[in-house]
Amino acid sequence: MTTENDRKVLNSILNPNLPLGEGVFDPEAENTTAESNEEIPEDLKKLEEEGMKAAEEGKIEHAIDVFTKAVTKYPDISSCYNNRAQALRLAGRIDDALEDLNKAITVSKGKGKAAANAYCQRGILYRKNGQDDDALKDFNAASALGSGFAKSMLVEMNPYAAMCNAMLRNVFSAMANGQEPRSMNPTPNTYG
């Protein structure tokens with residue numbers, strides 16, 4: 001267990017472009033109401049574990065096969081689609097991954113943890129493809145479902161935060177080098 005201060009320090013190291021204390025991802029503070037009511041059968045848990053282990057070992061095609069078995073057997077459980085989407089993404093099959101993420105959102109009716117995860121995954125894919133407006137919509141949806149990760153992405157993608165971060169980096173760099181920070185106003189004040 002970590003303290004809030006520990007998470008802020010770690011966040012400033014891992015996310016140097018974010019203002020201090022902004023967008024701190026805290027899994028312990030995740031909204032527990034975002035949990036879905038999906039019951040996960042024992043055999044599905046075993047399939048998910050097998051698929052995740054295969055993916056971790058770099059056996060991506062085997063992971064996709066295992067997750068496909070899960071989707072076939074449990075088409076009404078949205079986490080099955082989320083898991084397969086991750087494996088498809090690792091295999092470079094982005095269009096197929098997006099299709100599964102869309103299905104996960106549909107099956108979950110856009111509610112619960114599975115929907116929040118699907119919105120986050122899809123938002124990341126959109127962002128990688130330069131579709132920032134679509135990414136923002138998905139991160140907003142996931143944030144509304146209680147995703148701390150989505151909230152941190154919204155802060156990171158905020159253009160005003162980026163501008164402020166650039167100014168702060170300038171000030172801190174200058175101070176670290178014993179210099180005066182550059183003026184943010186390129187022309188001197190001539191009004192007196």
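How many helices and strands make up the secondary structure of the protein?

**Figure 1. Overview of the predicted model and its helices.** The secondary structure of the protein comprises nine helices and zero strands, where helices (H or I, at least four residues) and strands (E, at least two) are DSSP runs numbered from the N terminus. Read from the N terminus, the order of the elements is α-α-α-α-α-α-α-α-α. This is a predicted model, in which local features need pLDDT of at least 70 and side-chain atom pairs count only at pLDDT 80 or more, while totals for chains, interfaces and linings use all residues. Residues are numbered from 1 along each chain as its sequence is written, and side-chain values use heavy atoms, with hydrogens and water left out. The mean pLDDT (the predictor's confidence in each residue, from 0 to 100) of the protein is 80, and 72% of its residues reach 70 or more. Over residues 22-37, by contrast, the pLDDT is below 50, and this stretch has 31 contacts in the model beyond near neighbours in sequence, a contact meaning heavy atoms within 4.5 Å. Among the contacts in the protein with a separation of 6 or more, 50% are between residues 24 or more positions apart. Of the 192 residues of the protein, 36% count as buried, that is, under 20% relative accessible area, with exposed meaning over 50% and partly exposed in between (1.4 Å probe, protein chains only). The accessible surface of the protein comes to about 12,100 Å², and 53% of this area belongs to carbon and sulfur atoms; accessible areas come from the Shrake-Rupley method with a 1.4 Å probe, and for residues only the protein chains shown count as cover.

**Figure 2. The aromatic pair of Phe139 and Phe149.** Rings of Phe, Tyr and Trp (its six-membered ring) pair if their centres lie within 6.5 Å, and planes under 30 degrees apart count as stacked, over 60 as edge-to-face and the rest as tilted; by this rule the count comes to one aromatic pair. The ring centres of Phe139 and Phe149 are 6.4 Å apart and the ring planes stand at 75 degrees, so the pair is edge-to-face. Because Phe139 lies in helix α7 (residues 132-144) and Phe149 in helix α8 (residues 148-157), the pair ties together parts that are ten residues apart in sequence. Phe139 is buried, with a relative accessible area of 0%, whereas Phe149, at 30% relative accessibility, counts as partly exposed.

**Figure 3. The surroundings of Asp138 in helix α7.** Asp138 is buried, with a relative accessible area of 4%. Leaving out residues up to four places away in sequence, Asp138 touches Tyr119, Arg122, Gly123 and Tyr126.

**Figure 4. The surroundings of Ile64 in helix α3 (residues 60-73).** Ile64 counts as buried at 5% relative accessibility. Apart from its neighbours within four places in sequence, Ile64 is in contact with Arg84, Ala87, Leu88, Ala91 and Arg93. Ile64 and Gln86 are 22 residues apart in sequence, and their C-alpha atoms are 9.0 Å apart in space.

**Figure 5. Salt bridges between helices, shown for Lys73 with Asp43 and for Asp100 with Arg84.** A salt bridge is a side-chain nitrogen of Lys or Arg within 4 Å of a carboxyl oxygen of Asp or Glu, and by this rule the count comes to nine salt bridges. In the salt bridge of Lys73 with Asp43, the closest N and O atoms are 2.6 Å apart. Lys73 lies in helix α3 and Asp43 in helix α2 (residues 42-56), so the pair ties together parts that are 30 residues apart in sequence; Asp43 counts as partly exposed at 28% relative accessibility. The side chains of Asp100 and Arg84 meet in a salt bridge at 2.5 Å, N to O. Since Asp100 lies in helix α5 (residues 94-107) and Arg84 in helix α4 (residues 78-90), this pair ties together parts that are 16 residues apart in sequence. Asp100 is buried, with a relative accessible area of 5%, and Arg84 counts as buried at 14% relative accessibility.

**Figure 6. The salt-bridge network of Lys53, Glu57 and Lys59.** Within this network, Glu57 forms a salt bridge with Lys59, the closest N and O atoms being 3.2 Å apart. Glu57 counts as partly exposed at 44% relative accessibility, and Lys59 is partly exposed, with a relative accessible area of 47%.
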